[in-house]
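Colleague: Could you walk me through reading a few features of a model, one at a time? I'd like to begin with pockets.

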Amino acid sequence: MPELPEAERARQQIERALGREITAVDDADTYVCRPHAPGEIAAALEGRRLTSAHRRGKFLWVETDGDGPDLGLHLGMAGRIVVDGEPAPREHPTHPRFTLEFADGTRLILQDKRRLSRALIEPDFSHVGPDAGEVGLAEFKRRVGKGTAPLKARLLNQGVIAGVGNLLADEVLWRAKLAPRRPAGELTDTELRRLHRHLRAAIADAIRLGGVHKGEIIPHRGAGERCPRDGAPMRKDQVGGRTTWSCPTCQPG
C-alpha cells in the first residue's frame with residue numbers, strides 16, 4: 001500500500017509534467033473520479049498548464065495556471081503515477097484510471113489495478129493532520145503524545161499526522177524501541193523526541209531507497225523471523241485493526 005514515501009515519489013513524477021499544456025483528459029471512470037460526472041474534470045483542466053505539485057502525507061494536489069482549479073490525486077492502495085508513457089514494472093500491470101494528455105504528446109497516467117485511487121477537482125484536506133515528514137517536534141509531541149490509544153494507532157491516525165501507514169509505523173516503532181500497544185499519552189518527553197527523530201529518518205530513508213518496503217525491519221515481519229537487532233523471535237499482534245510485528249525484547253511494554 002502506498003504510504004508517504006511512495007506518495008512523495010509520485011509527487012516527484014508529477015513534477016516532470018509541470019509546465020505542459022493539457023489538451024485532453026480521460027475522466028470516464030466515475031468511481032475513481034467521484035463525485036464528478038464524466039467530462040467535468042476535463043472541462044476544468046483542458047487548456048491549462050500544471051504549475052506546481054504538492055503533498056501532505058499520502059494526499060497529492062497539483063496547481064494549474066491562471067485561476068484554474070487544483071487537481072487532487074490519491075494513490076489508494078495500489079495506485080501509481082506514470083509520466084511520459086514509461087512502462088509499468090511487471091509486478092504492477094497497467095490499469096489506467098485517469099489520464100492527462102499534453103500538447104507535446106506525453107501523458108500523465110494514474111494507474112491502479114484495484115481501482116481505489118482518486119482524482120478530483122479542488123480537494124479538501126481539512127481533515128488531514130500535518131505531514132509526518134515535516135511536522136515540527138513541538139507539534140508532534142502535542143499531537144502524538146496524548147490519550148490512551150495505542151501508540152501505533154495514534155501514528156496511523158491521519159488526522160493526527162498524515163502519511164504513516166502500517167509498514168512505516170512498524171519500522172519507526174522498531175527503530176525507536178517503542179512498543180506499538182503502549183498508550184501514547186504515557187510516553188516521556190525523551191521518548192517522544194526519539195520517536196520524532198526516527199520517524200523523520202525512516203521517511204527520508206524510504207524516499208531515498210524506493211519505498212517503505214525497503215525498511216530495516218520489514219523483511220523480518222513474518223512467522224519464524226527474528227529481530228535483526230537482538231535475535232528475539234518477532235511477535236505478531238493486532239493494533240488499531242492492523243497486523244503488527246514487533247520485537248518483544250527491544251520493544252517491551
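Modeller: Sure. This one is a predicted model, and its second largest pocket holds about 220 Å³ of space.

Colleague: Which residues lie nearest the centre of the second largest pocket?

Modeller: Phe 59, His 74, Arg 118, Phe 125 and His 127 do, out of 13 residues in the lining. By class, that lining has six nonpolar, four polar and three charged residues.

Colleague: And which strand supplies the largest share of the lining?

Modeller: That's β4, with three residues. Strands β3 (59-64), β4 (71-74) and β8 (118-121) each bring at least two.

Colleague: Next, burial. Is Leu 173 buried or exposed?

Modeller: Go by relative accessible area, where buried means under 20%. Leu 173 comes out at 1%, so it counts as buried. It's part of helix α5, residues 166-176. Beyond its neighbours within four places in sequence, its contacts are Leu 151, Lys 152, Leu 155, Leu 178, Pro 180, Leu 195 and Gln 251.

Colleague: How many disulfides are there?

Modeller: Zero, searching the whole structure. The test is a pair of cysteine sulfur atoms within 2.5 Å.

Colleague: Why is there no bond between Cys 227 and Cys 247?

Modeller: Because their sulfurs are 3.7 Å apart, which is too far. For Cys 250, the closest cysteine sulfur is also in Cys 247, at 3.4 Å, so that pair is too far apart for a bond as well. Cys 227 is buried at 3% relative accessible area, and Cys 250 is buried at 11%.

Colleague: Last topic, salt bridges. How many does the structure hold?

Modeller: There are 22. You look for a side-chain nitrogen of Lys or Arg within 4 Å of a carboxyl oxygen of Asp or Glu. Take Asp 84 and Arg 16, whose closest N and O atoms are 2.9 Å apart. That pair links distant parts of the chain, 68 residues apart: Asp 84 is in the loop between β5 and β6, Arg 16 in the loop between α1 and β1.

Colleague: What about Arg 49 and Glu 21, which meet in a salt bridge too?

Modeller: Their N to O distance is 3.9 Å. Arg 49 sits in the loop between α2 and β2 and Glu 21 in the loop between α1 and β1, so the bridge ties together parts 28 residues apart in sequence. Both ends are partly exposed, Arg 49 at 37% and Glu 21 at 28%.

Colleague: And which residues are linked in a network of salt bridges?

Modeller: Glu 8, Arg 11, Glu 15, Arg 55 and Asp 131.

How values were computed:
Residues are numbered from 1 along each chain as its sequence is written. This is a predicted model: local features need pLDDT of at least 70, side-chain atom pairs count only at pLDDT 80 or more; totals for chains, interfaces and linings use all residues. Side-chain values use heavy atoms; hydrogens and water are left out. On a 1 Å grid over the protein atoms alone, a cavity is a set of points where a 1.4 Å probe fits but cannot get out, and a pocket is an open set with protein on both sides within 12 Å along at least five of seven lines; lining residues have an atom within 4 Å of a point. Grid points are joined across faces, edges and corners, and a volume is the space filled by probe spheres set on the points. Helices (H or I, at least four residues) and strands (E, at least two) are DSSP runs, numbered from the N terminus. Ala, Val, Leu, Ile, Met, Phe, Trp, Tyr, Cys and Pro count as nonpolar, Asp, Glu, Lys and Arg as charged, and the others, Gly among them, as polar. Buried means under 20% relative accessible area, exposed over 50%, partly exposed in between (1.4 Å probe, protein chains only). Contact means heavy atoms within 4.5 Å.
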